[in-house]
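Q: I am new to this structure and would like a close look at a single part of it. Please describe where open space is left among the atoms, and set that part in its surroundings.

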Amino acid sequence: MASEPDILAPPQPVAAHLAQWEEQVDGVVPAKTGGSNLLIATWNLRAFGDLTKAWKTPEGVSPKRNFADIHAIATVIRRFDVVAVQEVRGNLRALRYLLKVLGEDWAFILTDVTLGKDGNNERLAFLFDTRRVKPSGLACELVVPIEQETGVSASGLERQFARTPYAVSFLSSGQTFTLITLHVDYGDTAADRVPELEAIAKWLAGWAEQEFGWDHNLIALGDFNIDRVGDPLFEAFTSTGLTPAPQLADLPRTIFDKPGAAHFYDQIAWFTKGQQHRPVLNLEAVTGGQVDFVDTFQGEGTRNDLSWHISDHFPLWVEFAIPAG
């Protein structure tokens, strides 16, 4: 039986392609600078579970994602300090090989699988560069008691969240920040998403007020499945004062978005100044963007094929400046 290829030894054509990809990503994402910036990203990696242990996936073989794809994904992730990843599946093979490629300076924290039809066998995860960021102690899933006064009907909460939002606190250069990642249930219609988005917005506002005394930075990020700015989904998401990163306002979120008809599924957001009893960022959002991998990796295949190799979503990121002293 043929031995398994070594994922840390890409063949020359793959290595050359990846070197070009490295240069492209270098031109898009700012460099990490010691103690003065923080780079945070969110990426819905489509069905990030199993993996074909080959540099090129044979015709008709599933899953399509292979070793070269893992390197392409790692090239993006290592540019950041923390990446919130949605759609990590019960099968952790792809994640394990991704961590091999990222190297021993990288670690992860993730939830267990969310069971049930709406849970879609998914986990929520944070990958982080341990040279730059350390967990500061808090890790929790967000659960809303039915009897709690939320302003959302009990029927809207009775099944809890389809995939329970996940919060983890980190420390970097003396700054503590708490990231809350989520993947809102898409549902059969857009209206199906409104109760969950309202519940999340109200829960975050209440929790932020409790955290006010700790002076933590609080950032929500993930796949909110918002169709358009100004629609009922967006209004539900921003109803308690969450403000999406303005640097990301007009960027397409998926590889299938058409010019002028982009969706706004993925977001990075926080509470802004002027809101009482809620943590305001000590961090200044300096720049932000997405990483577009379509032209580099689509080749002769379709965009649908590409979505199973890399993803159907673009990674979104924001660079924060860390205050001096």
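A: A residue counts as buried when its relative accessible area is under 20%, and as exposed when that value is over 50%. The model described here is a predicted one. Leu221 illustrates the first case: its relative accessible area is 0%, so Leu221 is buried. Lys56 illustrates the second, because its relative accessibility of 73% places Lys56 among the exposed residues.

The part to be examined is the largest pocket. Rolling a probe the size of a water molecule over the atoms shows where empty space is left. The largest pocket has a volume of about 730 Å³. Its lining consists of 27 residues, and those that lie nearest the centre are Lys56, Asn66, Asp69, Phe297 and His309. By character, the lining divides into 11 nonpolar, 10 polar and 6 charged residues.

Several helices take part in this lining. At least two residues each come from α1 (12-26), α2 (67-77), α7 (294-297) and α8 (303-309). Among the contributors, α1 gives the most, with 4 residues.

The surroundings of α2 deserve particular attention. Lys56 is found in the loop between β1 (37-48) and α2. In sequence, Lys56 and Asn66 are 10 residues apart, while their C-alpha atoms are 6.5 Å apart in space. Asn66 in turn caps the N-terminal end of α2, with a side-chain oxygen 3.0 Å from the backbone nitrogen of Ala68. The helix itself is mostly covered, as 11 of its 11 residues are buried. Among these buried residues are Phe67, Ala68, Asp69 and Ile70. Asp69 thus appears both among the buried residues of α2 and among the residues nearest the centre of the pocket.

Beyond the pocket, two sheets complete the picture. One is an open sheet of 6 strands in the order β3-β4-β2-β1-β12-β11, with mixed pairing. Its edges are formed by β3 (106-110) and β11 (284-290); each has a single partner strand, so one side of each is left without a neighbour in the sheet. From one strand to the next, the twist averages 20°. At one of these edges, β11 pairs with β12 (residues 316-321) in the antiparallel sense over 6 bridges. Within that pairing, Glu284 has Ala321 in β12 as its bridge partner.

The other is likewise an open sheet of 6 strands with mixed pairing, in the order β5-β6-β7-β8-β10-β9. Here β5 (134-141) and β9 (242-244) stand at the edges, and because each has a single partner strand, one side of each lacks a neighbour in the sheet. Neighbouring strands of this sheet are turned by 25° against each other on average, direction ignored. The edge strand β9 runs antiparallel to β10 (residues 266-271), and 3 bridges join the two. Thr243 stands opposite Trp270 in β10.

The residue with which this account began belongs to the second sheet described: Leu221 lies in β8 (residues 217-223). Although Leu221 and Ala84 are 137 residues apart in sequence, their C-alpha atoms are 7.3 Å apart in space.

Notes
Residues are numbered from 1 along each chain as its sequence is written. This is a predicted model: local features need pLDDT of at least 70, side-chain atom pairs count only at pLDDT 80 or more; totals for chains, interfaces and linings use all residues. Side-chain values use heavy atoms; hydrogens and water are left out. Two strands pair if DSSP finds at least two bridges between them. Axes are lines fitted to C-alpha atoms, for helices over the stretch in contact, and angles run from 0 to 180 degrees between N-to-C directions. On a 1 Å grid over the protein atoms alone, a cavity is a set of points where a 1.4 Å probe fits but cannot get out, and a pocket is an open set with protein on both sides within 12 Å along at least five of seven lines; lining residues have an atom within 4 Å of a point. Grid points are joined across faces, edges and corners, and a volume is the space filled by probe spheres set on the points. Ala, Val, Leu, Ile, Met, Phe, Trp, Tyr, Cys and Pro count as nonpolar, Asp, Glu, Lys and Arg as charged, and the others, Gly among them, as polar. Buried means under 20% relative accessible area, exposed over 50%, partly exposed in between (1.4 Å probe, protein chains only). A polar contact is a pair of N or O atoms within 3.5 Å; within protein, one must be able to donate a hydrogen and the other to accept it, and residues adjacent in sequence count only if both atoms are side-chain atoms.
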